[in-house]
Structures are given as structure tokens and as C-alpha cells.
Amino acid sequence: MHLIKSSKVKLLLCSLISINLYASNEAFDEKIISDKRLETFNLTKEQIEQDSSKLRKDWINPITYQYKKNLGEEYETAQSIISINQPIFQSGGIYKAIKYADSSYDYASIELDQQKKELIKQALNLLYNIEKTNLNLQKAKYTLENAKIDVNRKKEQVLNGFLDASFLDDALLTLNTTKHNLVDLKYQKQELINNFNNISSQDYTKFELPIFKLFNEKEFIENNIELKKLEADIEKKGNYSYMTMAKYLPSVNAFYTYSKYHETDNNTKLTKENDQTFGLSLNIPLDTRTFNDIESKKIDYLKSKLNFENSVDDEKTFFKTKLEKLSMLDERLQITKEDLEVYDSILKIINEEKEAQIKTQSDVDTLQNSQKIKSLDLKIYEIEKQIELLEMYAKLQ
């Protein structure tokens, strides 16, 4: 099955998932990508269209207009000449030139979509990591509480002579390390927010995290945007290879020239009447570099095919590696769930012993904080799974 989003996700973010990762018509890009970046994509798209349109017309030769003013010693003349020399048959080269323009457009369009998806993936990745940092901040706060409890406990034990002062020193070092970790996490969160603001035109708090689910390898390969781009590259280079070969094959051109003298300075040899010439010409190019040029383009075409096959293997390996990473995270989730069950059973005993005044409230608080830390670990592993799935999802067209 395809990756799908949670039904709990806001409608705004649902648009993000269904549109940008499935190439729907209603673009959500405007909502998550900053206006300046979006304008760059729009201009690039327009440029691709113009370049493609130009390529489709490249086989058409321009009409040339020439105005000649002859300032001779005996006569002064003025003449206009209009001429065109247009290929009408190039051994299939004209058809392939048009196909090359189309395949170049396909390649450039897919590449642009890929760049846009990459940017959206970066934005989502930052959202996930902001949430992960929030969870780590909560963990750090519970760890700080436990460190403070441990310092107080060690202080009391040292003062009562039950422990050596080195134990208190270790507890103080742990407390200090935890405080520094909390400061680092606050900085990391702000850095992530700043990076998100570089991409998005809206505040990160307006978005909720999507929830992806796994799909199979066949769908991943069939809808892989990198592979589709490489297929377009094969088509483009195949057309270009044929165009190169056709350049050295016989071609037929139609030519037409129209000339008119505006001034003859009474030169009897010249006339002001219009002069026209037209006809057909057969061109057979003879170039010592022909074989090398054709073979070079063929090799480039064959390389693009091999590159595609290698990339299929790479993408399959990528998919397999991600599955293994997800499996590892599932194992960690299971271990953490088992740990939580142990904490539940121990907490029940500790609470009973506290009621019997065998344990103190600090013992209960320490264990409860540790239990909360484990519960947060569950959420962090789930987010890490989503980050891995996002990497896979962003590769779909």
C-alpha cells in the first residue's frame, strides 16, 4: 500500500501530502515554500517552456534580409535581398529534432519537480526534528529533576556518613551535564526553526506532522521520480544521437532568393525589376569527424541506459536499507514498551512500600520521571520512523 497520512492531521497538511508527493493539480507549494523560492520555481518552469519551444523550432532556418549600398566610383546602387535556405528532408533528423525538444522538456520538468519535492522534504524533515527536539527537551527536564533528587539524596547520605564525598561529586557532575544538555537542546530547536523559516513562508506552529505508512518495493520503483528522470534522459539522448547521425546523412533543402534594386544610378546593366531564384538542393556532407561524432553520441546514449539500470539497483538497495532501519526502530520500540511494563510493576511495588514508609517520595518521583522518559522515547522512535518514511515518500512522483 502507498504511504498514507493520518486522519488526525489538519486539512492544510493533508494537502501537502496528497499534492506534493502525488503531483496533484492543486499546488500546496505556495503554502509551505516561501514566496521568493516559489517565484524562482515558477520562473524556471517558464524558462523550461521557452527553451523547449525554441528547440522545437531550431530546425527552421531564419529568413535573411540584406540591404546593400554600393558606393562605387562610377555608380551608386542600393539593393534589398531576401533569402531563405530551409531543410525539408534530413533523413529523419527533423522529426527527431522535434522529439528531442519534447524529451528535453520532460527531463527538465521532472528535474524541477524533483528539486521542489526535495525542498518540501527538507521543510517536513525540519518539522519532524523540531518535534523530536521538543520531546528531548521534555526528557532533559525529567532527567534534570532526577539529577536534582539524586544530588539531594547523595548530599544527605554523605552528611550522615553513609557515602564518600566522591559520590556527591559524581552526582553534581551529572546535574551539571544535564543542565548543559538542556541549553544545547534549546539552541538546537531554535536553529531548526530558523532553517525552517528559510524555506517556509509561514510559522512552523501552523503545521502538524503527517503520519506515513509503508508501501511495497514495486510501487517505489514504478513511481520513483529519479528513475523517471533517468528514463527521460535516455529518451533525450536517444533522440540526440539520431539527430547527430542525421546531420551527416543526405538532406534536401528548398531555397528562395528575392532581390530588388532601389537605386541603379542609370547603370544600364542593372534593372529595377524584381529578381527571384528558387529551387531544391541536395546536400551530402563529407566530414572526417563523422564516425567519431556519431559514436560519441551513441556511447552517451548507451551510458544513460546503464546509468538507469545502476540507479534501479541503487534505489532497490535504498528501499531495502530503509526497511531494515524501520525494522530496527520497531525492535527499539518493542524493547521500550517492555521496559515500561517493568516500570509499571516496579512503581506499584514502590508506591506500596512508600505507604509502608519503607520508601520515600523521592524514590517514587525518580521512578516516575524515568517512566516518563521511557514514554517519550516511544514517541521519539515513532518520529524517527516517520523521518525514514519521509525519505522514501519524497522519492515518489
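Here is a short chat about charged and nonpolar side chains in this predicted model.

Me: What should I know about the numbering and the model before we start?
Reply: Residues are numbered from 1 along each chain as its sequence is written. As the model is predicted, local features need pLDDT of at least 70 and side-chain atom pairs count only at pLDDT 80 or more, while totals for chains, interfaces and linings use all residues, and side-chain values use heavy atoms, leaving out hydrogens and water.

Me: How many salt bridges does a search of the whole structure find?
Reply: Side chains of opposite charge can pair when their charged atoms come close. A salt bridge here is a side-chain nitrogen of Lys or Arg within 4 Å of a carboxyl oxygen of Asp or Glu. With that rule, the search of the whole structure gives 21.

Me: How far apart are the closest N and O atoms of D58 and K54?
Reply: Exposure is graded by relative accessible area: buried is under 20%, exposed is over 50%, and partly exposed is in between (1.4 Å probe, protein chains only). D58 is partly exposed at 44%, and K54 is exposed at 53%. The two form a salt bridge, and their closest N and O atoms are apart by 3.6 Å.

Me: Is E315 buried or exposed?
Reply: E315 forms a salt bridge with K395, with the closest N and O atoms 3.3 Å apart. E315 lies in helix α8 (residues 290-355) and K395 in the segment after α9 (361-393), so the pair ties together parts 80 residues apart in sequence. Helices here are DSSP runs of H or I with at least four residues, and strands are runs of E with at least two, numbered from the N terminus. K395 is partly exposed at 23%, whereas E315, at 7% relative accessibility, counts as buried.

Me: Which helix holds K374, the salt-bridge partner of D339?
Reply: The closest N and O atoms of D339 and K374 are 3.4 Å apart. D339 lies in helix α8, so the pair ties together parts 35 residues apart in sequence, with K374 in helix α9.

Me: In which strand is Y67 found?
Reply: Y67 joins I63, Y65 and I82 in a nonpolar surface patch of about 450 Å². Patch residues have over 30% relative accessible area and no salt bridge; like charges are joined within 9 Å, and nonpolar side chains (Val, Leu, Ile, Met, Phe, Trp, Tyr) within 5 Å. Y67 counts as partly exposed at 46% relative accessibility. Its place is in residues 64-71, strand β1.

Technical notes: Accessible areas come from the Shrake-Rupley method with a 1.4 Å probe; for residues, only the protein chains shown count as cover.
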